[in-house]
Amino acid sequence: MSYFTELTWIDWIKDLIDVGIVSFIIYKLFLLVRGTRAVQLLKGIFVLAATWAVSTWFNLYTLKWLMSQMFTFGIITVILILFQPEVRRALEQLGRGKLFGRSNGADPQIHERINQLIKSLNYLSERKIGALIVFERQTGLNEYIESGIRMESSISSELLINLFIPNTPLHDGAVIIRGSQIMAAACYLPLSENPFISKELGTRHRAAIGISEVCDAISVVVSEETGQISLAAGGMVVRDIKQESLISKLFEELSPKSNPDKEKLKVAFWKRKGGQDG
């Protein structure tokens, strides 16, 4: 307590500025990793930190020693390997002077976005033009966006249709949408290795299921063989989904989280559609 009693008003101001700067940096770092898979890793780190605190408080020597070893030798691995995409993105933004810039809020015009999407899907489906569109949700898709051609364009049915016209430079691969923007085209996605998926499904469908297995993104696929529209989410796929059901599901998944019964609706949807439809 003697430390605080000896502080002058100048020292208090300096400490407040110091704490304020550090808090602002931490806040910006959280914004940087928000919406990426790094959030889940941070949760795991917090669990380990809580375990270490408990072991210290109750003098659990073996557990305390184990946690200490993990923190001592694991921090470099966590930062350089697990957070490599986020560290690279932070350095890139710092170099552009964007790290401390103001971030844009989510676009609330979901009705128009879905309307443009449905118009493009109907056009592609009628002409049996293959397409794969991925919607980013809470988990960021930057590593997959970087694998394609960056666009950052407004969503329009005309643009979506042109991106998938055969024999054009960007038709092969996935289009990734974040909020109100088409972030990139011709993106590479991980293929599902689920052995129970129907052999009838091609690369597009396996990529749509694969990306939904590794994150919370949802995907819409147009088959170039049949023209059927399918929806993939949570490692499951509904083939030949009707337009009304597709619109309903897109509104449910892409709208701001305001419905407390959202999870019940989600379970009911997949049960109604038969779950993993091969």
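**Leu-250 and the packing of α6 with α10**

Trainee: Leaving aside neighbours within four places in sequence, which residues is Leu-250 in contact with?

Mentor: In this predicted model, with neighbours within four places in sequence set aside, the contacts of Leu-250 include Ser-255, Val-220 and Phe-135. Three further partners, which belong to the α6 side of its contact with α10, complete the list together with Ile-218, so that the full set, counting contact as heavy atoms within 4.5 Å, is Ile-110, Ile-114, Leu-117, Phe-135, Ile-218, Val-220 and Ser-255.

Trainee: At what angle do helix α6 and helix α10 pack?

Mentor: Helix α6 covers residues 110-126 and helix α10 residues 243-254, and their axes lie 11 Å apart. The crossing of the two is right-handed, and the contact, to which Leu-117 and Leu-121 of α6 and Leu-246 and Leu-250 of α10 are among the contributors, has 10 nonpolar, 3 polar and 1 charged residues. The angle at which α6 and α10 pack is about 145 degrees.

Trainee: Which element gives the most to the largest nonpolar core?

Mentor: That core has 29 residues, and those with the most contacts inside it are Leu-121, Phe-135, Leu-246 and Leu-250. Several elements each supply at least two of its residues, including β1 (131-135), β5 (218-222) and α10. The element that gives the most, with 6 residues, is α6.

Trainee: How many residues does the other core have?

Mentor: This core lies apart from the largest one, and among its members are Ile-145, Ala-174, Cys-187 and Ala-217. Its number of residues is 22.

Conventions. Residues numbered from 1 in each chain as written. Predicted model: local features only at pLDDT ≥ 70, side-chain atom pairs only at ≥ 80, totals over all residues. Heavy atoms only, no water. Axes fitted to C-alpha atoms, helices over the stretch in contact; angles between N-to-C directions. Helix = DSSP H or I, 4+ residues; strand = E, 2+ residues; numbered from the N terminus. Left-handed = near helix turned anticlockwise from the far one by under 90°. Nonpolar A, V, L, I, M, F, W, Y, C, P; charged D, E, K, R; others polar. Core = buried A, V, L, I, M, F, W, Y, C linked by side-chain atoms within 4.5 Å. Buried < 20%, exposed > 50% of the residue type's maximum accessible area, 1.4 Å probe, protein only.
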